[in-house]
Amino acid sequence: MSSDFIAAFEAKTPGSRRLNDRSHQLTPGGISHDSRFTPPYPLYVSRAQGSKIWDVDGNRYHDLWMAHYDAILGHAPAVVVEKLKTVMEDGLHIGLAMEHEVKLAQKVVDMMPGAEQVRFCASGTEATMYAVRLARGFTGRDVILKMVGGWHGANTDLMIDVRPPEYIGPESAGLPPDLNTYTRSVQFNDIEDTARGIAEAGDNLAGIIMEVAMGSTGFLPAEPEYLAFVREETAKRGAVLIFDEVITGFRLAPGGAQEVVGVTPDLTTLGKVMGGGMPVGAIAGKAEIMSLSGVTPKRPKLERVLIGGGTYSCNPLTMVAGLTTLDILHSRQNEIYPALEQMGVQLAAGMKDAFQAVGIPVFVNQNGSLVEVHFPKEDGLPLRNMADLVNNTYRDKQGEYATRLRNHGVFLIHGGSLSLEHTQADIEDIIQAHRTVAAEMAAELETETGAGN
Ligand SMILES: Cc1ncc(COP(=O)(O)O)c(C=O)c1O
(Lines give C-alpha, C1' and ligand atoms only; values in the text may rest on other atoms or scores of the structure.)
Protein backbone atom coordinates (compact mmCIF):
# COMPACT_ATOMS: atom_id res chain seq x y z
CA MET A 1 0.00 0.00 0.00
CA SER A 2 1.30 3.43 -0.87
CA SER A 3 1.97 5.68 2.08
CA ASP A 4 1.52 8.89 0.10
CA PHE A 5 -1.43 9.84 2.21
CA ILE A 6 0.70 9.57 5.37
CA ALA A 7 3.35 11.77 3.77
CA ALA A 8 0.64 14.28 2.83
CA PHE A 9 -0.59 14.34 6.43
CA GLU A 10 2.95 14.83 7.71
CA ALA A 11 3.56 17.68 5.31
CA LYS A 12 0.43 19.43 6.55
CA THR A 13 0.98 18.93 10.29
CA PRO A 14 4.63 19.54 11.32
CA GLY A 15 3.51 21.28 14.52
CA SER A 16 1.61 18.19 15.66
CA ARG A 17 4.66 16.04 15.01
CA ARG A 18 6.89 18.36 17.04
CA LEU A 19 4.50 18.33 19.99
CA ASN A 20 4.13 14.57 19.86
CA ASP A 21 7.92 14.10 19.72
CA ARG A 22 8.17 16.14 22.91
CA SER A 23 5.26 14.33 24.48
CA HIS A 24 6.91 10.95 23.88
CA GLN A 25 9.64 11.94 26.35
CA LEU A 26 7.07 12.78 28.99
CA THR A 27 4.09 10.50 28.51
CA PRO A 28 4.26 6.79 27.62
CA GLY A 29 3.23 6.44 23.99
CA GLY A 30 3.06 10.22 23.75
CA ILE A 31 -0.63 10.49 24.61
CA SER A 32 -2.88 10.05 27.64
CA HIS A 33 -6.01 8.85 25.82
CA ASP A 34 -5.15 5.90 23.57
CA SER A 35 -7.81 6.52 20.97
CA ARG A 36 -6.50 10.01 20.27
CA PHE A 37 -3.34 8.39 18.93
CA THR A 38 -3.94 8.08 15.22
CA PRO A 39 -0.94 7.03 13.12
CA PRO A 40 1.55 8.48 12.38
CA TYR A 41 0.96 10.80 15.37
CA PRO A 42 -2.04 12.52 16.95
CA LEU A 43 -3.40 15.79 15.66
CA TYR A 44 -2.75 18.57 18.16
CA VAL A 45 -5.50 21.16 18.08
CA SER A 46 -5.49 24.70 19.35
CA ARG A 47 -9.17 25.57 19.33
CA ALA A 48 -12.68 24.56 18.35
CA GLN A 49 -15.80 26.51 17.53
CA GLY A 50 -19.17 25.33 16.23
CA SER A 51 -18.57 22.45 13.83
CA LYS A 52 -14.88 23.22 13.22
CA ILE A 53 -11.52 22.53 14.84
CA TRP A 54 -8.14 24.16 14.12
CA ASP A 55 -4.85 22.36 14.52
CA VAL A 56 -1.64 23.92 15.81
CA ASP A 57 -0.47 24.52 12.23
CA GLY A 58 -3.56 26.61 11.55
CA ASN A 59 -5.36 24.01 9.41
CA ARG A 60 -9.15 24.03 9.74
CA TYR A 61 -11.20 20.81 9.76
CA HIS A 62 -14.89 19.99 9.64
CA ASP A 63 -15.17 18.02 12.85
CA LEU A 64 -17.12 14.78 13.04
CA TRP A 65 -15.37 13.48 16.14
CA MET A 66 -17.02 16.24 18.17
CA ALA A 67 -15.21 15.61 21.45
CA HIS A 68 -15.84 11.84 21.56
CA TYR A 69 -19.43 12.43 20.25
CA ASP A 70 -20.18 14.71 23.18
CA ALA A 71 -20.57 18.19 21.64
CA ILE A 72 -24.14 17.91 20.37
CA LEU A 73 -24.69 21.69 20.48
CA GLY A 74 -21.39 22.25 18.65
CA HIS A 75 -18.06 23.28 20.15
CA ALA A 76 -18.10 26.08 22.72
CA PRO A 77 -21.79 26.98 22.42
CA ALA A 78 -22.18 30.62 23.51
CA VAL A 79 -25.10 29.89 25.80
CA VAL A 80 -23.10 27.33 27.80
CA VAL A 81 -19.90 29.41 27.82
CA GLU A 82 -21.76 32.47 29.13
CA LYS A 83 -23.45 30.45 31.89
CA LEU A 84 -20.10 29.00 32.92
CA LYS A 85 -18.54 32.44 33.24
CA THR A 86 -21.17 33.51 35.76
CA VAL A 87 -20.97 30.25 37.72
CA MET A 88 -17.16 30.42 37.93
CA GLU A 89 -17.38 33.66 39.83
CA ASP A 90 -19.18 31.82 42.64
CA GLY A 91 -16.37 29.31 43.02
CA LEU A 92 -14.78 26.70 40.77
CA HIS A 93 -15.07 23.44 42.63
CA ILE A 94 -16.31 23.78 46.18
CA GLY A 95 -16.71 20.11 47.00
CA LEU A 96 -20.04 20.50 48.76
CA ALA A 97 -23.64 19.85 47.75
CA MET A 98 -25.22 22.58 45.61
CA GLU A 99 -28.62 23.27 44.08
CA HIS A 100 -27.22 22.68 40.57
CA GLU A 101 -26.96 18.93 41.15
CA VAL A 102 -30.56 18.69 42.30
CA LYS A 103 -31.71 20.49 39.18
CA LEU A 104 -29.63 18.28 36.87
CA ALA A 105 -30.85 15.13 38.63
CA GLN A 106 -34.44 16.33 38.12
CA LYS A 107 -33.75 16.91 34.44
CA VAL A 108 -32.26 13.43 33.98
CA VAL A 109 -35.22 11.84 35.77
CA ASP A 110 -37.64 13.87 33.62
CA MET A 111 -35.93 12.93 30.35
CA MET A 112 -34.63 9.37 30.71
CA PRO A 113 -37.39 6.70 30.85
CA GLY A 114 -35.44 4.30 33.10
CA ALA A 115 -34.22 6.95 35.55
CA GLU A 116 -36.14 6.98 38.80
CA GLN A 117 -33.04 8.07 40.70
CA VAL A 118 -29.57 9.18 39.66
CA ARG A 119 -26.09 9.53 41.13
CA PHE A 120 -23.39 11.58 39.46
CA CYS A 121 -19.69 10.86 39.08
CA ALA A 122 -16.96 12.33 36.93
CA SER A 123 -16.67 9.88 34.00
CA GLY A 124 -18.46 7.17 32.08
CA THR A 125 -15.81 4.71 33.25
CA GLU A 126 -16.78 5.28 36.86
CA ALA A 127 -20.46 5.02 35.94
CA THR A 128 -20.08 1.55 34.43
CA MET A 129 -17.91 0.43 37.34
CA TYR A 130 -20.62 1.47 39.79
CA ALA A 131 -23.43 -0.01 37.69
CA VAL A 132 -21.72 -3.41 37.72
CA ARG A 133 -21.17 -3.14 41.45
CA LEU A 134 -24.83 -2.25 41.99
CA ALA A 135 -25.95 -5.21 39.88
CA ARG A 136 -23.80 -7.59 41.92
CA GLY A 137 -24.75 -6.00 45.23
CA PHE A 138 -28.47 -5.95 44.45
CA THR A 139 -28.66 -9.55 43.28
CA GLY A 140 -26.03 -11.01 45.59
CA ARG A 141 -24.65 -12.81 42.50
CA ASP A 142 -21.35 -12.59 40.66
CA VAL A 143 -21.50 -13.01 36.89
CA ILE A 144 -21.81 -10.03 34.56
CA LEU A 145 -22.27 -10.62 30.84
CA LYS A 146 -21.00 -8.04 28.40
CA MET A 147 -20.93 -7.96 24.61
CA VAL A 148 -17.86 -9.06 22.63
CA GLY A 149 -16.25 -5.79 21.55
CA GLY A 150 -18.17 -3.70 24.09
CA TRP A 151 -16.20 -0.72 25.39
CA HIS A 152 -17.44 0.68 28.69
CA GLY A 153 -14.38 2.71 29.62
CA ALA A 154 -11.19 1.16 30.96
CA ASN A 155 -12.90 -0.10 34.11
CA THR A 156 -11.23 -3.28 35.39
CA ASP A 157 -14.50 -5.20 35.78
CA LEU A 158 -15.26 -5.00 32.08
CA MET A 159 -11.79 -5.47 30.53
CA ILE A 160 -12.66 -8.66 28.72
CA ASP A 161 -13.01 -9.23 24.97
CA VAL A 162 -12.95 -5.58 24.04
CA ARG A 163 -10.92 -5.57 20.82
CA PRO A 164 -11.23 -8.88 19.04
CA PRO A 165 -9.63 -10.69 17.40
CA GLU A 166 -6.28 -9.49 18.85
CA TYR A 167 -7.57 -9.11 22.36
CA ILE A 168 -9.98 -11.92 22.96
CA GLY A 169 -9.83 -12.60 26.68
CA PRO A 170 -8.31 -10.17 29.18
CA GLU A 171 -7.67 -6.81 27.53
CA SER A 172 -4.57 -5.86 29.42
CA ALA A 173 -1.75 -6.98 31.63
CA GLY A 174 -2.35 -6.26 35.28
CA LEU A 175 -5.89 -7.57 35.55
CA PRO A 176 -6.99 -10.02 38.27
CA PRO A 177 -6.38 -13.58 37.00
CA ASP A 178 -9.95 -14.65 37.75
CA LEU A 179 -11.56 -11.70 35.96
CA ASN A 180 -13.17 -13.83 33.27
CA THR A 181 -14.71 -16.09 35.89
CA TYR A 182 -17.01 -13.23 36.85
CA THR A 183 -17.16 -11.14 33.68
CA ARG A 184 -17.90 -13.04 30.50
CA SER A 185 -18.84 -11.99 27.02
CA VAL A 186 -21.51 -12.94 24.52
CA GLN A 187 -22.03 -11.92 20.91
CA PHE A 188 -24.28 -8.87 20.37
CA ASN A 189 -27.47 -9.58 18.38
CA ASP A 190 -26.85 -13.32 18.72
CA ILE A 191 -29.66 -14.86 20.74
CA GLU A 192 -28.14 -18.34 20.66
CA ASP A 193 -24.76 -17.22 21.98
CA THR A 194 -26.36 -15.00 24.61
CA ALA A 195 -28.64 -17.85 25.73
CA ARG A 196 -25.48 -19.95 26.12
CA GLY A 197 -23.86 -17.26 28.31
CA ILE A 198 -26.99 -16.94 30.41
CA ALA A 199 -27.28 -20.71 30.85
CA GLU A 200 -23.62 -21.01 31.83
CA ALA A 201 -24.02 -18.28 34.45
CA GLY A 202 -27.09 -20.11 35.76
CA ASP A 203 -28.39 -18.78 39.04
CA ASN A 204 -25.22 -16.74 39.49
CA LEU A 205 -26.18 -14.21 36.78
CA ALA A 206 -26.04 -10.71 38.28
CA GLY A 207 -26.66 -8.75 35.11
CA ILE A 208 -26.05 -7.92 31.48
CA ILE A 209 -24.41 -4.68 30.36
CA MET A 210 -24.82 -3.57 26.76
CA GLU A 211 -25.25 -0.62 24.46
CA VAL A 212 -28.38 -0.33 22.33
CA ALA A 213 -26.25 1.13 19.53
CA MET A 214 -22.79 -0.28 20.06
CA GLY A 215 -20.09 2.38 19.83
CA SER A 216 -17.15 0.15 18.98
CA THR A 217 -19.06 -1.40 16.07
CA GLY A 218 -19.90 1.98 14.56
CA PHE A 219 -23.22 2.19 16.40
CA LEU A 220 -24.72 -1.01 15.01
CA PRO A 221 -28.23 -1.22 16.48
CA ALA A 222 -29.54 -3.98 18.73
CA GLU A 223 -32.24 -5.84 16.84
CA PRO A 224 -35.74 -5.71 18.37
CA GLU A 225 -35.91 -9.50 18.94
CA TYR A 226 -32.52 -9.41 20.64
CA LEU A 227 -33.57 -6.59 22.95
CA ALA A 228 -36.83 -8.36 23.77
CA PHE A 229 -34.82 -11.49 24.55
CA VAL A 230 -32.33 -9.85 26.94
CA ARG A 231 -35.09 -7.85 28.64
CA GLU A 232 -37.23 -10.93 29.16
CA GLU A 233 -34.39 -13.21 30.27
CA THR A 234 -32.95 -10.74 32.80
CA ALA A 235 -36.41 -9.97 34.23
CA LYS A 236 -37.27 -13.67 34.50
CA ARG A 237 -34.04 -14.41 36.36
CA GLY A 238 -34.05 -11.36 38.62
CA ALA A 239 -30.84 -10.16 36.97
CA VAL A 240 -30.13 -6.50 36.27
CA LEU A 241 -30.24 -5.19 32.69
CA ILE A 242 -27.84 -2.26 32.28
CA PHE A 243 -27.93 -0.07 29.19
CA ASP A 244 -24.69 1.81 28.75
CA GLU A 245 -25.92 5.07 27.23
CA VAL A 246 -22.72 7.03 27.71
CA ILE A 247 -22.74 7.73 23.95
CA THR A 248 -26.43 7.46 23.11
CA GLY A 249 -27.94 9.16 26.16
CA PHE A 250 -29.56 12.48 25.11
CA ARG A 251 -27.96 12.06 21.67
CA LEU A 252 -30.32 9.70 19.86
CA ALA A 253 -33.43 11.12 21.54
CA PRO A 254 -34.20 13.17 24.67
CA GLY A 255 -34.58 9.87 26.51
CA GLY A 256 -31.64 8.18 24.77
CA ALA A 257 -31.64 4.90 22.86
CA GLN A 258 -34.03 3.36 25.40
CA GLU A 259 -36.69 5.84 24.34
CA VAL A 260 -36.08 5.07 20.67
CA VAL A 261 -36.41 1.29 21.11
CA GLY A 262 -39.07 1.40 23.82
CA VAL A 263 -37.19 -0.97 26.14
CA THR A 264 -36.48 0.21 29.68
CA PRO A 265 -33.41 -1.17 31.46
CA ASP A 266 -33.03 -1.52 35.22
CA LEU A 267 -29.94 0.71 35.27
CA THR A 268 -28.53 3.20 32.78
CA THR A 269 -25.03 4.64 32.63
CA LEU A 270 -24.65 8.15 31.29
CA GLY A 271 -21.85 10.59 30.41
CA LYS A 272 -20.65 12.69 27.45
CA VAL A 273 -23.62 14.85 26.22
CA MET A 274 -24.97 15.13 29.77
CA GLY A 275 -21.87 17.11 30.84
CA GLY A 276 -22.28 19.85 28.24
CA GLY A 277 -18.52 19.70 27.52
CA MET A 278 -17.41 19.14 31.12
CA PRO A 279 -16.31 15.83 32.69
CA VAL A 280 -19.27 13.74 33.79
CA GLY A 281 -20.78 10.34 34.41
CA ALA A 282 -23.94 9.09 36.08
CA ILE A 283 -25.75 5.94 37.06
CA ALA A 284 -29.52 6.14 36.85
CA GLY A 285 -32.21 3.56 37.33
CA LYS A 286 -34.83 1.90 39.44
CA ALA A 287 -35.09 3.36 42.93
CA GLU A 288 -35.20 -0.18 44.32
CA ILE A 289 -31.66 -0.79 43.04
CA MET A 290 -30.22 2.73 43.24
CA SER A 291 -31.29 3.17 46.86
CA LEU A 292 -28.81 0.48 47.93
CA SER A 293 -26.11 3.10 47.41
CA GLY A 294 -27.61 5.63 49.84
CA VAL A 295 -25.73 6.56 52.99
CA THR A 296 -29.01 6.92 54.85
CA PRO A 297 -30.50 4.91 56.41
CA LYS A 298 -27.24 3.72 57.97
CA ARG A 299 -26.65 0.06 57.10
CA PRO A 300 -23.90 -2.46 57.74
CA LYS A 301 -21.33 -1.95 55.03
CA LEU A 302 -21.97 -5.27 53.29
CA GLU A 303 -25.65 -4.39 52.87
CA ARG A 304 -24.79 -1.20 51.06
CA VAL A 305 -23.27 -0.63 47.62
CA LEU A 306 -20.57 1.94 47.77
CA ILE A 307 -20.85 4.56 45.06
CA GLY A 308 -19.09 7.82 45.46
CA GLY A 309 -15.94 9.20 46.39
CA GLY A 310 -15.00 11.31 43.45
CA THR A 311 -13.62 14.66 44.54
CA TYR A 312 -14.95 16.28 41.38
CA SER A 313 -18.39 14.66 41.27
CA CYS A 314 -21.15 17.27 40.90
CA ASN A 315 -18.67 20.08 40.37
CA PRO A 316 -20.70 23.19 39.58
CA LEU A 317 -19.20 23.75 36.13
CA THR A 318 -20.27 20.30 34.98
CA MET A 319 -23.70 20.52 36.57
CA VAL A 320 -24.45 23.92 35.01
CA ALA A 321 -23.02 23.08 31.57
CA GLY A 322 -25.02 19.84 31.64
CA LEU A 323 -28.22 21.47 32.77
CA THR A 324 -27.96 24.23 30.16
CA THR A 325 -27.41 21.63 27.44
CA LEU A 326 -30.20 19.31 28.56
CA ASP A 327 -32.61 22.26 28.94
CA ILE A 328 -32.06 23.09 25.28
CA LEU A 329 -32.34 19.47 24.13
CA HIS A 330 -35.48 18.96 26.20
CA SER A 331 -37.32 22.15 25.34
CA ARG A 332 -36.46 22.10 21.62
CA GLN A 333 -36.62 18.34 21.12
CA ASN A 334 -39.23 18.43 18.36
CA GLU A 335 -36.98 20.56 16.22
CA ILE A 336 -33.52 19.27 17.23
CA TYR A 337 -33.74 15.48 16.93
CA PRO A 338 -35.54 15.39 13.55
CA ALA A 339 -33.00 17.93 12.22
CA LEU A 340 -30.06 15.82 13.42
CA GLU A 341 -31.64 12.68 11.97
CA GLN A 342 -32.23 14.35 8.64
CA MET A 343 -28.60 15.52 8.48
CA GLY A 344 -27.44 12.02 9.46
CA VAL A 345 -29.46 10.47 6.62
CA GLN A 346 -28.12 12.98 4.11
CA LEU A 347 -24.51 12.54 5.22
CA ALA A 348 -24.72 8.73 5.22
CA ALA A 349 -26.23 8.71 1.73
CA GLY A 350 -23.49 11.03 0.44
CA MET A 351 -20.75 8.89 2.01
CA LYS A 352 -22.20 5.76 0.48
CA ASP A 353 -22.64 7.27 -2.99
CA ALA A 354 -19.05 8.54 -2.94
CA PHE A 355 -17.63 5.02 -2.53
CA GLN A 356 -20.19 3.27 -4.70
CA ALA A 357 -19.43 5.64 -7.55
CA VAL A 358 -15.86 4.29 -7.68
CA GLY A 359 -16.83 0.64 -7.13
CA ILE A 360 -15.65 0.28 -3.51
CA PRO A 361 -18.16 -1.75 -1.45
CA VAL A 362 -19.16 0.21 1.61
CA PHE A 363 -21.63 -0.13 4.45
CA VAL A 364 -22.53 3.14 6.13
CA ASN A 365 -24.29 2.65 9.42
CA GLN A 366 -26.32 5.68 10.47
CA ASN A 367 -28.11 5.89 13.76
CA GLY A 368 -29.57 9.38 14.25
CA SER A 369 -26.66 11.82 14.32
CA LEU A 370 -24.07 8.99 14.57
CA VAL A 371 -22.50 7.51 11.43
CA GLU A 372 -19.69 5.12 10.59
CA VAL A 373 -18.29 3.79 7.33
CA HIS A 374 -17.33 0.10 7.15
CA PHE A 375 -15.54 -1.56 4.24
CA PRO A 376 -17.13 -4.98 3.64
CA LYS A 377 -15.14 -7.66 1.84
CA GLU A 378 -18.17 -8.08 -0.45
CA ASP A 379 -21.54 -6.41 -0.76
CA GLY A 380 -24.34 -8.07 1.16
CA LEU A 381 -22.35 -9.83 3.90
CA PRO A 382 -24.06 -9.68 7.34
CA LEU A 383 -22.89 -6.88 9.63
CA ARG A 384 -24.73 -7.19 12.93
CA ASN A 385 -22.02 -7.46 15.56
CA MET A 386 -18.30 -7.47 16.24
CA ALA A 387 -17.80 -11.00 14.89
CA ASP A 388 -19.28 -9.90 11.56
CA LEU A 389 -17.11 -6.80 11.46
CA VAL A 390 -13.98 -8.84 12.15
CA ASN A 391 -14.85 -11.54 9.61
CA ASN A 392 -16.60 -9.57 6.89
CA THR A 393 -14.93 -6.16 6.71
CA TYR A 394 -11.48 -4.70 6.12
CA ARG A 395 -11.01 -3.10 9.54
CA ASP A 396 -7.61 -1.67 8.61
CA LYS A 397 -9.09 0.41 5.80
CA GLN A 398 -10.84 2.60 8.34
CA GLY A 399 -7.59 4.14 9.57
CA GLU A 400 -6.48 4.87 6.02
CA TYR A 401 -9.87 6.42 5.21
CA ALA A 402 -9.74 8.65 8.32
CA THR A 403 -6.19 9.86 7.58
CA ARG A 404 -7.05 10.61 3.97
CA LEU A 405 -10.10 12.58 5.14
CA ARG A 406 -7.85 14.66 7.43
CA ASN A 407 -5.77 15.55 4.39
CA HIS A 408 -8.94 16.96 2.84
CA GLY A 409 -10.14 18.92 5.84
CA VAL A 410 -12.48 16.50 7.63
CA PHE A 411 -11.62 15.08 11.04
CA LEU A 412 -12.87 11.89 12.60
CA ILE A 413 -11.23 9.09 14.56
CA HIS A 414 -13.69 6.23 14.43
CA GLY A 415 -17.28 7.00 13.65
CA GLY A 416 -18.69 10.44 13.26
CA SER A 417 -21.27 12.55 14.99
CA LEU A 418 -23.16 15.64 13.98
CA SER A 419 -24.10 18.69 15.99
CA LEU A 420 -26.59 21.52 15.77
CA GLU A 421 -23.78 23.66 14.38
CA HIS A 422 -23.24 21.52 11.28
CA THR A 423 -24.72 23.38 8.33
CA GLN A 424 -25.87 22.28 4.92
CA ALA A 425 -22.65 23.70 3.49
CA ASP A 426 -20.60 21.64 5.99
CA ILE A 427 -22.39 18.45 4.98
CA GLU A 428 -21.76 19.16 1.31
CA ASP A 429 -18.07 19.84 1.97
CA ILE A 430 -17.77 16.61 3.98
CA ILE A 431 -19.41 14.61 1.20
CA GLN A 432 -17.11 16.24 -1.37
CA ALA A 433 -14.10 15.21 0.74
CA HIS A 434 -15.49 11.66 0.71
CA ARG A 435 -15.64 11.73 -3.09
CA THR A 436 -12.00 12.79 -3.21
CA VAL A 437 -10.95 10.12 -0.70
CA ALA A 438 -12.97 7.44 -2.49
CA ALA A 439 -11.29 8.34 -5.79
CA GLU A 440 -7.85 8.15 -4.13
CA MET A 441 -8.59 4.77 -2.58
CA ALA A 442 -9.92 3.42 -5.87
CA ALA A 443 -6.81 4.62 -7.71
CA GLU A 444 -4.66 2.96 -5.09
CA LEU A 445 -6.56 -0.32 -5.48
CA GLU A 446 -6.11 -0.17 -9.22
CA THR A 447 -2.36 0.33 -8.82
CA GLU A 448 -2.18 -2.58 -6.35
CA THR A 449 -4.15 -4.87 -8.67
CA GLY A 450 -2.07 -3.77 -11.60
CA ALA A 451 1.10 -4.42 -9.67
CA GLY A 452 -0.11 -7.93 -8.85
CA ASN A 453 -0.75 -8.85 -12.50
C1 LIG B 1 -20.24 3.22 25.73
C2 LIG B 1 -19.22 3.86 26.61
N3 LIG B 1 -19.25 3.61 27.93
C4 LIG B 1 -18.36 4.17 28.78
C5 LIG B 1 -17.37 4.99 28.30
C6 LIG B 1 -16.37 5.59 29.25
O7 LIG B 1 -16.64 6.93 29.43
P8 LIG B 1 -15.47 7.94 29.84
O9 LIG B 1 -14.53 8.02 28.69
O10 LIG B 1 -16.19 9.23 30.15
O11 LIG B 1 -14.83 7.38 31.06
C12 LIG B 1 -17.29 5.27 26.95
C13 LIG B 1 -16.24 6.17 26.42
O14 LIG B 1 -16.01 6.31 25.27
C15 LIG B 1 -18.24 4.69 26.07
O16 LIG B 1 -18.19 4.91 24.75
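Where is Pro40 found? Pro40 sits in the loop between helix 2 (14–26) and strand 1 (45–49), where helices (H or I, at least four residues) and strands (E, at least two) are DSSP runs numbered from the N terminus. A cis peptide bond joins Pro39 and Pro40, with omega at about 5°.

Before going on, some housekeeping. This is a predicted model: local features need pLDDT of at least 70, side-chain atom pairs count only at pLDDT 80 or more, and totals for chains, interfaces and linings use all residues. Residues are numbered from 1 along each chain as its sequence is written.

**Backbone oddities**

Most residues other than glycine have a negative phi, and most peptide bonds are trans. Besides the Pro39 and Pro40 bond, which is cis, the peptide bond from Thr296 to Pro297 is cis, with omega near -5°. Pro297 belongs to the loop between helix 11 (287–290) and helix 12. Then there's Asp161: not a glycine, yet its phi is positive at about 50°. You'll find Asp161 in the loop between strand 5 (143–147) and helix 7 (179–182).

**Two domains**

The protein splits into domain 1 (44–75 + 333–452) and domain 2 (80–331), with bounds from an automatic or database domain assignment. Their C-alpha centres lie 27 Å apart. The contact takes 25 residues from domain 1 and 27 residues from domain 2, counting two residues as in contact if their C-beta atoms, placed from the backbone, lie within 7 Å. On the domain 1 side, helix 14 (386–392) is among the elements that each supply at least two residues, and helix 14 gives the most, with 4 residues. By class, that side of domain 1 has 13 nonpolar, 9 polar and 3 charged residues. Here Ala, Val, Leu, Ile, Met, Phe, Trp, Tyr, Cys and Pro count as nonpolar, Asp, Glu, Lys and Arg as charged, and the others, Gly among them, as polar.

**Helix packing**

Axes are lines fitted to C-alpha atoms, for helices over the stretch in contact, and angles run from 0 to 180 degrees between N-to-C directions. A crossing is left-handed if the near helix is turned anticlockwise from the far one by less than a right angle, and right-handed if clockwise.

| Helix pair | Axis angle and distance |
|---|---|
| Helix 8 (191–201) and helix 9 (224–237) | about 15°, axes 11 Å apart |
| Helix 1 (4–12) and helix 15 (397–407) | roughly 40°, axes within 9 Å |
| Helix 5 (99–111) and helix 12 (316–331) | roughly 35°, axes within 9 Å |

Helix 8 is therefore roughly parallel to helix 9, and helix 1 and helix 15 are oblique to each other; angles under 35 degrees count as roughly parallel, over 145 as roughly antiparallel, 65 to 115 as roughly perpendicular and the rest as oblique. Helix 8 passes helix 9 in a right-handed crossing. In that contact, Ile191, Thr194 and Ile198 of helix 8 meet residues of helix 9 including Phe229 and Val230. The crossing of helix 1 and helix 15 is left-handed, and their contact residues divide into 4 nonpolar, 2 polar and 4 charged. Helix 5 and helix 12 have a left-handed crossing.

**Around the ligand**

Of the 15 residues around the ligand, Ser123, Gly124, Thr125, Gly153 and Val246 come nearest; a residue counts as near if its C-beta atom, placed from the backbone, lies within 6 Å. Helix 6 (residues 124–139) gives the most to this shell, with 3 residues. The shell has 3 nonpolar, 10 polar and 2 charged residues.
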